[in-house]
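Open the model in your viewer and keep the selection panel at hand. The stops below go from one interface to the relation between the copies.

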2 protein chains.
Amino acid sequence: MRINRKYPLKMGNRPVTAQRQLLLSILRETRGHLDAKELYRKAIQRDPHISLATVYRNLRLFKELGLVDERRLDEVHSLYELRRPTEHYHMVCTSCGRVTEFTSPLIAELSSEVERSREFEVERAVLHLEGCCRKCKRRPRGRE
Amino acid sequence: MRINRKYPLKMGNRPVTAQRQLLLSILRETRGHLDAKELYRKAIQRDPHISLATVYRNLRLFKELGLVDERRLDEVHSLYELRRPTEHYHMVCTSCGRVTEFTSPLIAELSSEVERSREFEVERAVLHLEGCCRKCKRRPRGRE
DNA sequence: TTAAGTGCAAAGGCTTTGCAGCATA
DNA sequence: TATGCTGCAAAGCCTTTGCACTTAA
């Protein structure tokens, strides 16, 4: 006879509950750039009973499992996004708020330089660039 | 009240009150790496009546005047430090919490590269490196 | 007198936690 | 049964704000 598992999937040794599936789906679909409250707002549309506590608890779990990265881009909000194979960083437009991504080999180079010259073993570079995006440079007025 | 004296100094068009002098002195003496509560704790030793609200209000003012930079180095705390002529960034040891500073021309180089290739006008690079400091590499045990 | 700064306490906003109920293995 | 997840509400923490009072100009 076959084992009837309600939770067919595992993350680490933890079950993937319906709530976790939902949250991961949303993160996948939006390709990140969501804070906890936005994630909650989107989640509640598909599961009206899900709670904000569940969102926070699972975001923390996802982080611990290395599935999700948290990025603090301003004073208040953290953005959460699924970890992807290629490391990337964000540019934040201080005029319209748009968040876009970039990568550069100079970041690894910087880490190496610091490791060499400062004897500091770099585990992670926390970085984003603030400035003015292409669209706002053309039309230098407020937010959208 | 305690201040029975004119305000001989001005910051912008704002008077430098006794509280503001005190806060700036502490920031100068500690060369930054203080969060708001630590600043408050140090301040209250010299002026037992100063309030946390005054600390926050003045930190915000100092930021607006460009005297002080705020750095978020972890999930919770912001560090405040007097702005100095040379731009610098921080290395944070994830083992002992020690904060040290570094600079590198690669950061300006990175900004230029992004400006060129992504048509994004960089106003500010928000950066710190997390990792393991020299001392903890030698003695890889917990916090101090 | 008027505009601005301060202290105190209360309120905000985001995040975590305690607890009871449920589901899974 | 034992473990762990969830929803709800309450609590925590950092920060801001309302208000009355004081100070400097």
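Start at the interface of domain 1 and domain 2 of chain A, where the rule finds five residue pairs in polar contact, both residues at pLDDT 80 or more. A polar contact is a pair of N or O atoms within 3.5 Å; within protein, one must be able to donate a hydrogen and the other to accept it, and residues adjacent in sequence count only if both atoms are side-chain atoms.

This is a predicted model, in which local features need pLDDT of at least 70 and side-chain atom pairs count only at pLDDT 80 or more, while totals for chains, interfaces and linings use all residues. Residues are numbered from 1 along each chain as its sequence is written, chains are lettered from A and ligands numbered from 1 in the order in which they are written, and side-chain values use heavy atoms, with hydrogens and water left out.

Next select A:Arg71 and A:Glu87: they form a salt bridge (a side-chain nitrogen of Lys or Arg within 4 Å of a carboxyl oxygen of Asp or Glu), with the closest N and O atoms 3.9 Å apart. The rule finds one salt bridge across this interface.

Now select 1-83 for domain 1 and 86-144 for domain 2 of chain A; these bounds come from an automatic or database domain assignment. Add A:His33, A:Arg71 and A:Leu73, which supply 71% of the area that domain 1 buries against domain 2, more than any other three residues. Buried area is the accessible area (1.4 Å probe) that two parts lose on being put together, summed over both; here the total is about 690 Å², 45% of it from carbon and sulfur atoms.
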